[in-house]
Amino acid sequence: MDHAIDALIEIFTWVGFGAFLVLAIAVVVAWAADGTWLPAEAIIDRDGGDPIVRWFDADGDANSAPLSASDAAVIGDADAASIWYRHGWQGRMRLQRRPAGLRALTWSAAGMLALGVVSLVAGWALYFARG
């Protein structure tokens, strides 16, 4: 029975650290691919059919982007909002600095690291407890 528990702990250790490595690389790639997003204060233009977000970027250029349904639900009836816009691009904005997918990927990597560390500590504790 002790050998089976040792094998399971060893498997969980390798899976935890291996999955952490893969997910950490995926986080870095996703973060780099996401690019640079800068903060801005935007005005919500509701004169037409769909609401449009308008803002000035760091270079002083005027930008605009249509407001998605999910962003419109978050903003509600406000006339202004704090946004993040993509540096060097026209018409790209969002309400958060980092995408939700990147946050989920980061938490998954942290969970796998925790699994690896807990399994490693449990393995060492069992090793020393047995003498």
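## Notebook: a first look around the chain

I started with S108, which is partly exposed at a relative accessible area of 37%. My cut-offs, using a 1.4 Å probe on protein chains only, are under 20% relative accessible area for buried, over 50% for exposed, and partly exposed in between. S108 sits in helix α3. I also checked a distance along the way: S108 and L126 are 18 residues apart along the chain, and their C-alpha atoms are separated by 27 Å.

A note to self on what I'm looking at: this is a predicted model, where local features need pLDDT of at least 70 and side-chain atom pairs count only at pLDDT 80 or more, while totals for chains, interfaces and linings use all residues. Residues are numbered from 1 along each chain as its sequence is written, and side-chain values use heavy atoms, with hydrogens and water left out.

**Overall layout**

I counted three helices and five strands in the chain. These are DSSP runs numbered from the N terminus, with helices being H or I of at least four residues and strands E of at least two. Read from the N terminus, the order is α-β-β-β-α-β-β-α. The radius of gyration is 23 Å, well over the 14 Å that the globule rule gives for 131 residues, so the chain is more spread out than a compact globule. (That radius is over C-alpha atoms, and the rule is 2.2 Å times the number of residues to the power 0.38.) The C-alpha trace spans about 75 × 30 × 20 Å along its principal axes. Buried residues come to 22% of the 131 in the chain.

**The core**

Which residues make up the largest nonpolar core? I found 12 in all: A40, A42, I44, V53, W55, A65, L67, I75, A81, I83, Y85 and M93. Strands β1 (37–45), β2 (52–56) and β4 (80–86) each supply at least two of them. For such a core I take buried Ala, Val, Leu, Ile, Met, Phe, Trp, Tyr and Cys residues joined through side-chain atoms within 4.5 Å.

I then zoomed in on W55, in strand β2. At 3% relative accessibility, W55 counts as buried. Its C-alpha is 4.6 Å from that of A42, 13 residues away along the chain.

M93 was next. Setting aside neighbours within four places in sequence, M93 is in contact (heavy atoms within 4.5 Å) with W37, V53, W55, A65, D71, I83, W84 and Y85.

**S64**

S64 belongs to strand β3 (residues 62–66). Is S64 buried or partly exposed? At 32% relative accessibility, S64 counts as partly exposed. Beyond its neighbours within four places in sequence, S64 has contacts with I52, V53, R54, W55 and G91. A109 is 45 residues from S64 in sequence and 35 Å away in space, C-alpha to C-alpha.

**The pocket**

I looked up the largest pocket last: its volume is about 210 Å³. Its lining consists of D6, I9, E10, T13, S119, L120, G123, W124, Y127 and R130. Helices α1 (2–34) and α3 (100–130) are the elements giving two or more residues to this lining. The largest share, six residues, is from α3. By class I got four nonpolar, three polar and three charged residues.

For my records, a pocket is an open set of points on a 1 Å grid over the protein atoms alone, where a 1.4 Å probe fits, with protein on both sides within 12 Å along at least five of seven lines; lining residues have an atom within 4 Å of a point. The volume is the space filled by probe spheres set on the points, which are joined across faces, edges and corners. Ala, Val, Leu, Ile, Met, Phe, Trp, Tyr, Cys and Pro count as nonpolar, Asp, Glu, Lys and Arg as charged, and the others, Gly among them, as polar.
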